[in-house]
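Colleague: I would like to go through the spaces in this model and the reasons for what they are called. Please set each value against its rule.

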Amino acid sequence: MAEQWARSGLDLHLGIDRARGLRAGLEEALRSAVRDGRLAPGDRLPSSRALAQELGVARGTVTQVYEQLTAEGYLTSRARSGVRIAPRPRPETTVSVPAVSPCWPPADRFDLRSGLPDLSMFPRREWLAATRHVLGSMPNTDLGYGDPAGDPTLRTALADYLGRSRGLRTSPEQIIVCAGYTHALRIICQAVRGTIGFEDPTRQDYPAMAERLGLTVTRLPVDEDGLVVDALTGENAVVVTPAHQFPLGVTLSPQRRRDLLAWACRTDAVIVEDDYDGEFRYDRQPVGALQGLAPERVIYAGTVSKTIAPALRIAWLAVPGHLVPALRAVLRYDEAYVNVIDQQVLAHLIGRGDLDRHLRRCRVRYRQRRDRLGRVVAERLPHARLSGISAGLHAMMHLPGAAEPELLGRLAARGVVTEGISLFYRDARDAPPGLVIGYATPPQHAFEPAIAALMAVCAGDDGAESPVSGRRRGAERSARPGVRRRPR
Ligand SMILES: Cc1ncc(COP(=O)(O)O)c(C=O)c1O
């Protein structure tokens, strides 16, 4: 409700929200009048008696409001000059926040970006039950400042889980819980000095972060056997994705695994094993982690971002014993700890076997999708090829001759969001033309329509040019008469 009073011949309108209570309403009305300049520095306010009369409130209420706003620095109060608007240290300027685009803007209709699981599979019931259990049973002392390296219950559960599921040789003391893999990598980069190698292709954010932290970064090629170990030079550390190279989807061959470990021993280097989706292998039993072969050489990194949900921001490192003090020293000033309640909830889920059951459900669904994608590509896009092993949450779809930016634009026009392979290369010219398809990302009901829309665009059935461009397209057409073209 708007109130007003006469002040030196001027009417001041105060929108006092009486629903908040008279005192709070008057306080807020005066604050906003000062902020928006209707009351200027030096302006004298009515006496508490006069204002109380005018507004029909108790004088004590106005006195309290004046005292509060004086304490906050909005007003000054002197014996003979009364209550005035306080001078401002400097004129208030409106700070305009430049527009920033979110890292993961929501997809229009069909989200086929890599890196996300089907979030509709989040085990809500189990998470809720585990949260109830944890809150009902955790001692008050657990609600204090926890161990920066992670809650002991989760570190114990993880040491056991990683041993049986990924063949790790580790102990709770060697586990460090982090707020996601990126955080884990940041801690490593702060502990390691010198030069760090990254696969090329990879997610560009990781080498970029290492560089920002002052490390020298090298980029190492990847072929069908995974990281080209011979390309390593004098790196102090190297980051690899041995189970399922991101994004190419190949595994590090047994010989390369041996070569890599031999290189690390010879040069006293550290291997960072990013096992981001190691739980998902569909054609055979998952290959055990590299860490199991050399626990003193390998820092193993895992995350729940693919198995449960990125929103949890929970990842972990299994660290060689001799590196634990250096990484703990970094954590001392880090403060990006994971909420202890969530850590205990995850520990409970692991301990009860709920995580294993959830993973079994996910594997069935993702495997069906990967198979389906393979079949549809073979049927609809004879010129295309899926590469990489049947694993994880994404597949590479090679589209020889495709013009990537134009293709992505046409996909976006159909509501399909996905990524070009070139996004992951240091030099886009090194990338084969094609797309990285995050087939796990859409919820189940959207998977078939998403794939149908993807195929329609890639086959040129969307009323636009075929993605296979130029001279090559002509060659492809004559070589493969089965490729469907849009009628002209
Ligand atoms: C190669 C790779 N490693 C690790 C991660 C996990 O990252 P985070 O735990 O920070 O969500 C991702 C996520 O997309 C990834 O692509």
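Modeller: This is a predicted model. The largest cavity holds about 60 Å³ of space.

Colleague: Why is that space called a cavity?

Modeller: A cavity is a set of points where a 1.4 Å probe fits but cannot get out, which is why the word applies. Its lining includes His-244, Asp-277, Phe-280 and Arg-281. By class, this lining divides into six nonpolar, two polar and two charged residues.

Colleague: How many cavities of 30 Å³ or more are counted?

Modeller: Two. The second largest cavity has about 30 Å³ of space. Among the residues that line the second largest cavity are Glu-199, Leu-227, Thr-241 and Gln-245.

Colleague: What is the space taken by the ligand?

Modeller: That space is the largest pocket. A pocket is an open set of points, whereas a cavity lets no probe out, so the two words are kept apart.

Colleague: What makes the pair between the ligand and Asp-274 a polar contact?

Modeller: A nitrogen atom of the ligand is 2.6 Å from an N or O atom in the side chain of Asp-274. The limit is 3.5 Å, so the pair counts. For Ser-305, the distance from a side-chain N or O atom to an oxygen atom of the ligand is 2.6 Å, and for a polar side-chain atom of Thr-303 it is 2.8 Å; these also fall within 3.5 Å.

Colleague: How much of the ligand does the protein cover?

Modeller: On its own the ligand has 390 Å² of accessible area, and the protein covers 93% of that.

Key: Residues numbered from 1 in each chain as written. Predicted model: local features only at pLDDT ≥ 70, side-chain atom pairs only at ≥ 80, totals over all residues. Heavy atoms only, no water. Polar contact = N/O pair within 3.5 Å; in protein donor to acceptor, adjacent residues only side chain to side chain. Areas by Shrake-Rupley, 256 points an atom, 1.4 Å probe, with all protein chains shown as cover. 1 Å grid on protein atoms, 1.4 Å probe; cavity = no way out; pocket = protein on both sides within 12 Å on 5 of 7 lines; lining within 4 Å. Sits in = over half its atoms within 2 Å of the grid points. Points joined across faces, edges and corners; volume = space filled by probe spheres on them. Nonpolar A, V, L, I, M, F, W, Y, C, P; charged D, E, K, R; others polar.
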